[in-house]
Amino acid sequence: MVEIVPLNKKWNYLRKILERSGPFQQETFEPSGEILEFLNNTCKILVIGAGGLGCELLKNFAMMGFKNIDVIDMDIIELSNLNRQFLFRRKDIGKSKAETAAEFINKRIAGCKVTPHFCKIQDYDESFYRQFHVIVSGLDSIVARRWINGMLISLVKYDDDGNPDVSTIVPMIDGGTEGFKGNARVILPTLSPCIDCTLDLYPPQVSYPLCTIANTPRLPEHCIEYVKVILWDKENPFNCALDGDDPEHLSFVFEKAQERANKFNITGLTYRLVQGVLKNIIPAVSSTNAVIAAICASEVFKIATSCYEYLNNYMVFNDIDGIYTYKYEAEKNPECLACSSKVRTIAIKNPSSMTLQDLIDYLCNNPEYQLKNPGLTTTLNGKNKTLYMSTVKSIEEQTRCNLTQSLHELNLSDGQELVIADVTNPNSIIVKLKFTDNEVEMY
Amino acid sequence: MIKLFSLKQQKKDGESGGQQKSTRSAAQLRITKDINELNLPRTCTTTFPDPNDLLNFKMIICPDEGYYRSGRFIFNFKVGPNYPHEPPKVKCETKVYHPNIDLEGNVCLNILREDWKPVLTINSIVYGLQYLFLEPNAEDPLNKEAADVLQNNRRLFEHNVSKAMRGAYIGNVYFDRCLNTN
């Protein structure tokens with residue numbers, strides 16, 4: 001029987017890459033029609049942020065054959081976004097960025113299904129993030145980057161030898177821009193350097209000495225910080241925390257900062273500066289966003305299709321004077337608190353008779369560990385639990401009763417991870433309990 | 001290196017394997033280490049209202065020398081999710097007549113703000129706070145009146161400090177009694 005397949009011209013340009021081999025392809029690449037099929041029907045990607053980079057990314061993915069796209073953003077659309085966040089119109093001001101962007105793409109690109117999530121990334125747990133093949137982020141905050149970074153690292157499972165199981169790794173492509181500068185990087189959690197490994201690449205947050213703010217201000221920024229750090233709590237004008245998005249709050253800060261600036265003969269205070277200092281605003285340039293988003297989208301494409309070597313692993317772009325770009329291989333920080341804690345496994349034969357004290361004795365006496373004074377914590381039902389800590393009197397008194405309890409009685413289960421701090425190690429170590437025999441033994 | 005495309009297909013097959021929650025954050029790993037290694041001077045004690053929450057605790061300092069000898073001062077420590085890349089928030093809960101601590105409990109200690117570095121620990125802050133009581137610094141004042149007195153009349157400053165710690169008005173500000181009764 002002859003099967004007639006309607007030629008879908010729409011993806012012809014992708015077919016040229018995915019269905020034939022070429023001199024620059026990744027060595028192991030096997031061209032086939034299945035890959036486009038995978039992009040269209042199976043591959044699920046998450047775009048974090050629907051702002052400057054997010055709009056560009058969503059457009060790029062929708063035009064590149066990705067059809068299952070989720071987008072998450074907690075922000076609403078503001079007037080000042082419209083010059084570069086081109087999925088939004090004036091009438092959309094005040095609406096959710098994620099929802100509006102998704103609606104726009106779904107309407108414009110037939111067959112593309114963008115699912116919006118109008119919330120914080122922190123509102124979802126592992127089961128949400130685990131479902132994606134690749135995650136791409138266009139965030140404006142280091143805190144959010146580190147959170148998602150930590151989340152993706154926690155998705156990685158290890159075998160008994162402590163090696164990561166690569167099928168649990170969700171790659172993350174991170175893009176960032178600031179004015180005419182931008183960067184893109186590929187992160188394979190636990191395999192390649194993560195956000196925390198290279199944390200010192202981010203400029204430190206500007207912070208001024210408290211006494212300068214309180215008594216000897218010299219800059220308009222000092223006056224704004226004074227209202228923010230000292231006066232706000234003292235006067236509490238709106239009975240709530242300072243919100244840099246609230247125009248009433250901004251006016252209050254501006255007015256009080258101006259009073260202070262006048263008192264100390266400081267010039268240069270403007271409403272915009274107040275906004276800038278309170279919200280840490282950095283100017284956005286749409287062409288930079290377009291370049292970085294395009295690079296991120298290509299990296300997602302390369303990883304999803306394996307057609308070409310992906311970026312290894314950090315790319316920098318700068319077009320202040322001419323255009324300058326390079327890539328380099330950032331290195332993993334062996335001491336990274338987020339990704340380098342190698343998980344070691346301890347086999348436990350009898351969790352119902354082994355007490356916490358027995359476990360601590362084991363950690364102190366076993367030649368592999370030889371700990372001196374370990375403090376142990378873990379996570380139970382998403383909450384931190386201190387199992388035992390001898391060095392701090394108040395904690396010791398409250399956790400001493402745990403020592404005589406069995407691991408079962410402490411609700412520790414097979415696969416439980418314990419965080420152990422000890423003077424013998426510069427960092428906390430992570431130990432995974434493996435219960436080798438769960439059957440009740442008869443005596 | 002790894003071939004993600006083929007791996008993804010495997011992933012689809014055996015998706016919902018055994019799931020183990022592990023929410024070890026960098027802050028948690030680091031604070032566990034810091035707290036386990038707290039090496040407090042005789043003059044300091046800590047209390048943890050909830051021993052499972054190592055991120056919120058109080059530090060009680062009872063100086064045994066200097067102007068503030070026999071006082072008892074309580075500091076509240078709040079360690080954020082960005083620790084150790086951001087310093088903990090430290091506030092003095094005891095109203096104290098001190099040039100570098102204001103009446104709201106804000107503390108002017110360089111390592112709590114502009115000179116904080118991730119290599120510093122909770123212990124470093126404790127030593128910093130202790131030093132603040134031994135050597136109040138009139139150069140960088142938060143409480144300007146106290147600083148002026150310290151600079152111009154040490155005897156009066158000493159007198160004011162011990163008066164405030166016994167519970168009294170200094171100028172028009174009332175200071176609660178905060179003597180160490182132990």
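Which backbone nitrogen lies 2.7 Å from a polar atom of the side chain of A:Asn366? I started my notebook with this one, and I found that the nitrogen belongs to A:Glu368. A reminder to myself before going on: this is a predicted model.

**Entry 1: around A:Asn366**

I wanted to know where A:Asn366 sits along chain A. I found it in a loop, with helix 12 (356-365) on one side and strand 10 (375-380) on the other. Next I looked up its accessibility. The relative accessible area is 16%, so A:Asn366 counts as buried, given that the cut-off for buried is under 20%.

I also checked the UniProt record for this part of chain A. Its unreviewed entry lists residues 348-436 as "domain: E2 binding". I looked at the two ends of that span, and their C-alpha atoms are 6 Å apart. Helix makes up 19% of the span and strand 28%.

**Entry 2: A:His222**

Is A:His222 buried or exposed? I looked it up: its relative accessibility is 3%, so it goes down as buried. The residue is part of helix 8 of chain A, which covers residues 220-235. Then I asked what A:His222 touches, skipping neighbours within four places in sequence. My list reads A:Tyr208, A:Thr212, A:Ile213 and A:Pro217.

**Entry 3: chain B by itself**

I turned to chain B and went through its elements. I noted five helices and six strands. Reading from the N terminus, I wrote the order down as α-α-β-β-β-β-α-α-α-β-β. Chain B has 182 residues, and 51% of them are buried. I also looked at contacts between residues at least 6 apart in sequence, and 53% of these join residues at least 24 apart.

UniProt has something on chain B too: an unreviewed entry gives residues 26-170 as "domain: UBC core". The end C-alpha atoms of this span are 45 Å apart. I noted 31% helix and 16% strand for it.

**Entry 4: B:Thr43**

I picked one residue of chain B for a closer look. B:Thr43 is in the loop that runs between helix 2 and strand 1. With a relative accessible area of 10%, B:Thr43 is buried. Which residues does it touch, not counting those up to four places away in sequence? I wrote down B:Ile60, B:Ile61, B:Cys62, B:Pro63, B:Asp64 and B:Gln130.

**Entry 5: where the chains meet**

How many residues does each chain bring to the contact? I got 74 from chain A and 50 from chain B. Together the two chains bury about 5400 Å², and 55% of that is on carbon and sulfur atoms. I gave the area here because the size of an interface is often stated as the accessible area lost when the parts come together.

I then looked for polar links across the contact. There are 15 residue pairs in polar contact between the chains, with both residues at pLDDT 80 or more. I also found two salt bridges between chain B and chain A. One of them pairs A:Lys234 with B:Glu104, and their closest N and O atoms are 4.0 Å apart.

Last, I checked which parts of chain B face chain A. Helix 1 (4-13), helix 2 (26-36) and strand 1 (44-47) each give at least two residues to the side that touches chain A. Helix 2 has the largest share, with eight residues. Sorting that side of chain B by class, I wrote down 18 nonpolar, 15 polar and 17 charged residues.

Key
Residues numbered from 1 in each chain as written. Chains lettered and ligands numbered in written order. Predicted model: local features only at pLDDT ≥ 70, side-chain atom pairs only at ≥ 80, totals over all residues. Heavy atoms only, no water. UniProt positions renumbered as here; feature names shortened; annotations may be inferred. Helix = DSSP H or I, 4+ residues; strand = E, 2+ residues; numbered from the N terminus. Contact = heavy atoms within 4.5 Å. Buried area = accessible area lost by both parts, 1.4 Å probe. Salt bridge = Lys/Arg side-chain N within 4 Å of Asp/Glu carboxyl O. Polar contact = N/O pair within 3.5 Å; in protein donor to acceptor, adjacent residues only side chain to side chain. Nonpolar A, V, L, I, M, F, W, Y, C, P; charged D, E, K, R; others polar. Buried < 20%, exposed > 50% of the residue type's maximum accessible area, 1.4 Å probe, protein only.
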